[in-house]
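Visitor: Please take me through one part of this model in detail. I would like to look closely at the place where the two chains meet.

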Amino acid sequence: MAETLGLFLDGFKVALTLENLLWVTAGGLLGTIIGMLPGLGPATGVAVLIPMTFGMDPTAALITMCGVYYGAMFGGSRSSILINTPGDGAAVAATFDGYPMAMNGRAESALAISGIASFIGGILATIAMVFVATPVSKFAIKFGPAEYFMLMLFALSATVTMAKDNLIKGFMSISLGLMISTVGIDSLTGIKRFTFGIPELGSGIDFLIVIIAIFALGEVFKSYKHVSQPQKKANKKFGKIWITMQEWKDSWKPILRSTPIGFFLGALPGAGGTMASLMSYNNEKQLSKDPDSFGKGNIVGLAAPEAANNAASVGALIPMLTLGIPGSGTTAVMMGALLMLGIQPGPLFFTQQADLAWGLIASMVVGNIILIIINIPLAGLLVKVLSVPQRVLYPIVLALTFIGVYAIGTSYVDLYLLIIFGVVGIFFSKSGIPTPPLILAIIVGSGMEKNFRSALKINDGSYDAFFSSTICIVLFILTIITLLYPIVSMILEKRKVAKNQA
Amino acid sequence: MNYSKLSGFVAVIFGVAYLGLTLQLKEATLGNPMGHKLFPIGLASLMIILGIMQIIKTRKEKFIINTDKDPRQTFFVIKIVVISVLYVMLLKPLGYVVATIIFLQLIFFVFNGFNKIVRNVIVTLVFTIGIYYVFNNLLGVHLPEFNLF
């Protein structure tokens, strides 16, 4: 454990150089601006700003992306509180009490507590991660191809069921994602699959393109409803942005209670920030002596989800960094950024690239601190961004998606793919098909197929391979449970309704 | 349009097409001759089954449903898609700077109509040239040059 702490502290040395601090600040500011746009959250922020890191060394790139990630999260809660417009799902809970607080003339307290709660949630979760990451990695090293295949199967199906998506549509999303990952030259046989004679498709479809298409282009397509209405105006004049002693006394316990909820839910595949923030909100409401004040500007109702949301964002990095399997759309995008930098997250990440791994975790702490520094004293200034017309920002985001995708592969084919997947994203949204499973499937797809074939090969083509170890059987049972859970809960719900009607 | 119902049919068609393409793939000379087809065959079957399940599930729904959504929203998406395709086609002959200026002007027109034209022109020029400078000089990514002559 002393060794782990030593590595963690070494990480700070890397993160705290002047150059890196400048990058994390720049990333944080740009992320905040994107996060403030309705519909655009951390996933889009990271996806659109990835090209910013071209030419940087991996550490600087990582720390910049951490700045963007946190910046977008802070930005999302800013616009939730001030104009009742959450950037993404995870910021929705911040509107419940944050916006009423701002309406009641307590915008300063609301902005401050959201920053403070996010900070505490993020830091405590990062400390927890320091202790969890190494043991999980050591356990995961024992995994063979069959175990990995079963783990990916579990992660994918859990993504659908945990997010309470429609089962059929969720699995359609997964199937399409896995199909996209099969495009290109098969690495085991050298045979071209589904390339339609287009040489650029030989190396496969870069999942970053699909991510940018769905999260950035798709959101611009959907922006009509935001830009066709008059933009909501935020109050731009603030007093001192801080909280009173009484407000702190009210909120510190909810913050500490919500952090573990967020951390735990974040680490589960598919649960993530949205569920964590809503669950902690409901939890505090149930514990409260005055539940009726929730939704009317109770500071606890803002502090709890903000802490949980940030803790979840850290927890979500555990499966991504230690197993190489992202559990949410946002971590999938982060993993995309890492892979592009030549960093392969997985069980060996913490042993073979320990300096980078701990540098990343230290960057997150530094990113969190910098964002607090930018956000609390400069909130008044940042909020001016909210008055920049969305009719200007959306076209710029659109142009950035094209330039970003071109920069990734300097290929015109990629730009057509971007448009095609943007349209697929719109079709998904119209038919109610969830997109996170698609993104996860594209990312784990090629690894999943490779593990599937290796496992079969080791076992001479026998499918017993997937039930040959305890880990496999446990994962299989977990997968079955995740599949049956929504069906069982639906039947129970129906019975309850029937009983109430009788 | 009932997109939820449509998705079932799209899934079946897509699954069958993907299955057809998979079965036409060459046999491998290295390793298991069927190895590279197993996983895609599984995926195609899954997609077809899911599509059929969705068709059965939505069998009582009508295909044409009155959505009270603004038809202008659909046009908005179509306009952006068409302008985007045009942009990609122009990028190679006209180069990044000229193509992006045209693209952004058209997109700004879709978003703003005839309002604030001066502002839009200024934003377009500053953004286009700023990005060109950042990518070419700071990031070392060379954006397409003017290539017509």
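Guide: What follows is a close look at the interface between chain A and chain B, and then at some residues around it.

This is a predicted model, so a local feature needs pLDDT of at least 70 and a side-chain atom pair pLDDT 80 or more, while totals for chains, interfaces and linings use all residues. Residues are numbered from 1 along each chain as its sequence is written, chains are lettered from A and ligands numbered from 1 in the order in which they are written, and side-chain values use heavy atoms, with hydrogens and water left out.

Start with the contacts. Contact means heavy atoms within 4.5 Å. On that basis, 58 residues of chain A are in contact with 61 residues of chain B.

Next, the area. The size of an interface is often given as the accessible area lost when the parts come together. Buried area is that loss, found with a 1.4 Å probe and summed over both parts. Here the two chains bury about 5,300 Å² between them. Carbon and sulfur atoms hold 81% of it. M179(A), Y224(A) and I403(A) supply 13% of the area that chain A buries against chain B, more than any other three residues.

Now the polar side. A salt bridge is a side-chain nitrogen of Lys or Arg within 4 Å of a carboxyl oxygen of Asp or Glu. Between chain A and chain B there are zero salt bridges. A polar contact is a pair of N or O atoms within 3.5 Å; within protein, one must be able to donate a hydrogen and the other to accept it, and residues adjacent in sequence count only if both atoms are side-chain atoms. Five residue pairs, both at pLDDT 80 or more, are in polar contact between the chains.

Which elements of chain A take part? Helices (DSSP runs of H or I, at least four residues) and strands (E, at least two) are numbered from the N terminus. Those giving two or more residues to the side that touches chain B include α8 (167-181), β2 (192-193) and α19 (390-409) of chain A. α19(A) gives the most, with twelve residues. The residues on this side of chain A divide into 42 nonpolar, eight polar and eight charged. Here Ala, Val, Leu, Ile, Met, Phe, Trp, Tyr, Cys and Pro count as nonpolar, Asp, Glu, Lys and Arg as charged, and the others, Gly among them, as polar.

Look now at F402(A). Leaving out residues up to four places away in sequence, F402(A) touches L217(A), L415(A), L418(A) and I419(A), and also S84(B), Y87(B), V88(B) and F103(B).

Turn to T22(B), in helix α1 (residues 3-23) of chain B. Buried means under 20% relative accessible area, exposed over 50%, partly exposed in between (1.4 Å probe, protein chains only). T22(B) counts as buried because its relative accessibility is 0%. Its side chain reaches the backbone oxygen of Y18(B) at 2.7 Å. Beyond four places in sequence, T22(B) touches F194(A), K37(B), P40(B) and I41(B).

Finish in helix α21 of chain A. E449(A) forms a salt bridge with R453(A), the closest N and O atoms being 3.1 Å apart. The two are separated by about one helical turn because they are four residues apart in α21. E449(A) is buried at 5% relative accessibility, and R453(A) is buried at 10%. Salt bridges that share partners join D186(A), R193(A), E449(A) and R453(A) into one network.
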